[in-house]
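Student: Could you take me closely through one part of this model? I would like to start from a single strand and work outwards to whatever surrounds it.

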Amino acid sequence: MELEKYFRVEKLPHIWCPGCGHGSVMMSIAKGVDKLGWDPKKVVVVSGIGCSSRAAGYLNFNTLHTVHGRPIAFATGVKLANPELHVIVITGDGDGAAIGGNHLIHACRRNIGINVVLFNNQIYGMTSGQYSPMTPEGSMATTSPFGNIEPPFDLCELTKSAGANFVARGTVYHLPKLDSYMEKAFSKKGFSYLEAISQCPTYYGRRNKLKTPLEMLEWQKENSIDIKKAKDLDPEELKGKIITGIFTERDEEEYTVRYDKLIASVQGGKK
Amino acid sequence: MQGNEACVEGALDAGVRFYAGYPITPSSEIAEDFAAKLPPLGGKFIQMEDEIASMAAVVGASLAGQKAVTATSGPGFSLKQEIIGFATMVEAPCVIMNVQRAGPSTGLPTSPAQGDVMQARWGTHGDHPALVLCPSSVTDAYLLSFQAVNWAERFRTPVIVLLDETIGHLRERVRLPGREEMVISSRKQPHGDPETFQPYEITDEDLIPPLPPYGGGYRFHTTGLYHDETGFPSNRPEVTDRLLNRLHEKIDKYKETLFLYESYGLRQANQLIISYGASARSAKAAWRKAREKGLLVGLLILKTIWPFPEEIVTQAGHDKNNIVVAEMNKGQLIGEVERVMDKRIPIRGANRADGVLITPEQILAKLEGVN
């Protein structure tokens, strides 16, 4: 298989549970790199801590498995130190929306050339099932044994407002669409945020009447609404739904490009 | 030149071209100076959204091939600790400048203290080595910052420059060595086949693996988990043991060459003052006054405080009948002196932790024979 070169096949089988959606998102990343024709030597994948972040170990690029919540901050250092690199961040709903939320919005604001792929399985899987900031309201989790009373974060709206050049949400159920968003996200020069709704049968499904991976995928199918259709619906109708599609596409100048111009002007001024 | 400014000059002369930081008193001049000086050199300065992010960006930039620095003060130093440990574990060269202020907590932001001596040693979780340098003059600030970058690169480890508010804001005339006398170290590079490259394979006597930059052709995995030569996680006890021991041994092996210090009148002395940082300036004044009074006192100023220069301290103190350790805290490094010295030798602390510079009189009062 042609895409095999993007994987460290000797590191497989992966650590994810049977029925987990993360492998599909990881494959979509490999396809995205392939579509763009990036030199694997120039690709750096930075991840945080959690189930999603383990994907870095299976991808055959420069891979940096960092600390919880900070992969975007590490990636900012990598990209600024060498703007020629293609920098992808793999994060999850706990890593990216909770502990790492601050780094996410500031990277959007700078519009630095980092492609963030957030694997949203709506639960802390690695620590066995605590609710995250993206867990749907009412869900059962080990730390919400009576049902989650917190509303979930819509990071697509947040990153769009914070200044990202590209924002989209797809699901593991609608894989071809996810692949097309991945390609578009990677082709953007500035900051991109792509959220992939994934499924955790082990720690989310079992506790929330979605007993099999198939039921979870069906849940994704039945609850997804395309952003174009969502525009005509009122907030009550959209409650608990997954809005998919491209939220924003802009071509604002990328941060390291601005930085290089700054250096050129400062150095030019000296001569 | 100011102490904080001298740190920047030392780091730039050692080849630093990347700085990430977050504003905090009394270290902000370091950030401001890097912000002004890096872009003209083609380097990068970035003000990050918080202290943790700036530490992360520094490690990211280091792995991308740059010599990278951050600076902070007490509260920010606490926040950076987790990623200092990450840098230790993955062996990412970097320098952290901590201009100490009085703590705990927000404490006294504009007052001097030396309360982070133990945090510099044990701040990040787990068992880890530490390399910490402590300037007591503006010249020191330059030289030790230069040295810190060199050692970070050579040993592939974070190096901490532990200043205090007094040294950071001190202005004094400095005499710097000529550029040609300053030898710059850079991390080792691999030469083998990129396809069979193992990022943590040890072939050299110094126990330090080469570190290629991202994009240089060598692809590898890096993780804060315990890892084997391939860079991939392993929880096998022998792998864990081997890595942790090597992280310590690569520094311990060269320990003697890392002990920087100044000493005065040790031979003709029966009492000894030990100090470091800004306190060492008061200690030197106290030593002079004691000598004028005819007392036989020696002075040892430590520049390297971690690893603790056990051999230097025991050699200077073994034949003394009174040792005074002067520091601006409730007594931190004195514990190390007590640990290494013969238990029969009395050891006294001259301490001050109220945000005011310790005075020579306070130190003098701890010597025998002062009326």
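## A covered strand and its sheet

Tutor: Happy to! Let's start with β1(A), which is covered on both faces: A:Val43, A:Val45 and A:Ser47 are buried on one side, and A:Val44 and A:Val46 are buried on the other. Please keep in mind throughout that this is a predicted model. The strand spans residues 43-47 of chain A, and five of its five residues are buried, so "mostly covered" is a fair description, with buried meaning under 20% relative accessible area.

Next, the partners of this strand. β1(A) runs parallel to β3(A), and five bridges join the two. Within that pairing, A:Val44 sits opposite A:Val87 of β3(A). β1(A) also pairs in the parallel sense with strand β2 (residues 62-65) of chain A, over four bridges. There, A:Val45 faces A:Thr63 of β2(A).

If you follow β3(A) onwards, you come to β4(A). Strand β3 (residues 86-92) of chain A and β4(A) run parallel and are joined by six bridges. A:Thr91 has A:Leu118 of β4(A) as its bridge partner. β4(A) in turn pairs in the parallel sense with strand β6 (residues 192-197) of chain A, again over six bridges. One bridge in that pairing links A:Asn120 to A:Ile197 in β6(A).

β4(A) deserves a pause of its own. This strand covers residues 114-120 of chain A, and seven of its seven residues are buried, so it is largely enclosed by the rest of the structure. The burial applies to both faces: A:Ile114, A:Val116, A:Leu118 and A:Asn120 lie on one side, while A:Asn115, A:Val117 and A:Phe119 lie on the other. Notice that A:Leu118, the bridge partner of A:Thr91, and A:Asn120, the bridge partner of A:Ile197, are both on the first of those faces.

Now we can place these strands in their sheet. It is an open sheet of nine strands with mixed pairing, in the order β7(A)-β8(A)-β5(A)-β6(A)-β4(A)-β3(A)-β1(A)-β2(A)-β7(B). The edges are held by β7 (224-226) of chain A and β7 of chain B; each has a single partner strand, so one side of each is left without a neighbour in the sheet. On average, neighbouring strands here are turned by 20° against each other, direction ignored. The listed order places β2(A) of chain A next to β7(B) of chain B.

What lies against this sheet? Helix α5(A) lies across β4, β5 (166-171), β6 and β8 (242-249) of chain A, and runs at about 170° to β5(A). So α5(A) touches β4(A), the enclosed strand we just examined, with contact here meaning heavy atoms within 4.5 Å.

α5(A) has a helical partner as well. Helix α4 (residues 101-110) of chain A packs with helix α5 (residues 155-162) of chain A at an angle of about 40°, and their axes are 8 Å apart. That angle makes α4(A) oblique to α5(A). From α4(A), the residues that meet the other helix are A:Leu104, A:Ile105, A:Cys108 and A:Arg109; from α5(A), they are A:Leu155, A:Leu158, A:Thr159 and A:Ala162. By class, the contact holds six nonpolar residues, one polar and one charged. The spacing within each helix is easier to read with one general point in mind: an α-helix has 3.6 residues a turn, so residues three or four places apart point the same way.

Finally, let's go to the chain B edge of the sheet and step just beyond its strand. B:Ser234 is found in the loop between β7 (221-223) and α8 (237-252) of chain B. B:Ser234 has a relative accessible area of 13%, which puts it in the buried class. The side chain of B:Ser234 reaches the backbone nitrogen of B:Arg236 at 3.2 Å. Leaving aside residues up to four places away in sequence, B:Ser234 touches B:Tyr226, B:His227, B:Val239 and B:Thr240.

To retrace the route: we began at β1(A), with both faces covered, crossed through β3(A) to the enclosed β4(A), and ended in the loop that follows the edge strand β7 of chain B.

Definitions and conventions. Residues numbered from 1 in each chain as written. Chains lettered and ligands numbered in written order. Predicted model: local features only at pLDDT ≥ 70, side-chain atom pairs only at ≥ 80, totals over all residues. Heavy atoms only, no water. Axes fitted to C-alpha atoms, helices over the stretch in contact; angles between N-to-C directions. Parallel < 35°, antiparallel > 145°, perpendicular 65-115°, else oblique. Nonpolar A, V, L, I, M, F, W, Y, C, P; charged D, E, K, R; others polar. Buried < 20%, exposed > 50% of the residue type's maximum accessible area, 1.4 Å probe, protein only. Polar contact = N/O pair within 3.5 Å; in protein donor to acceptor, adjacent residues only side chain to side chain. Pairing = 2+ DSSP bridges.
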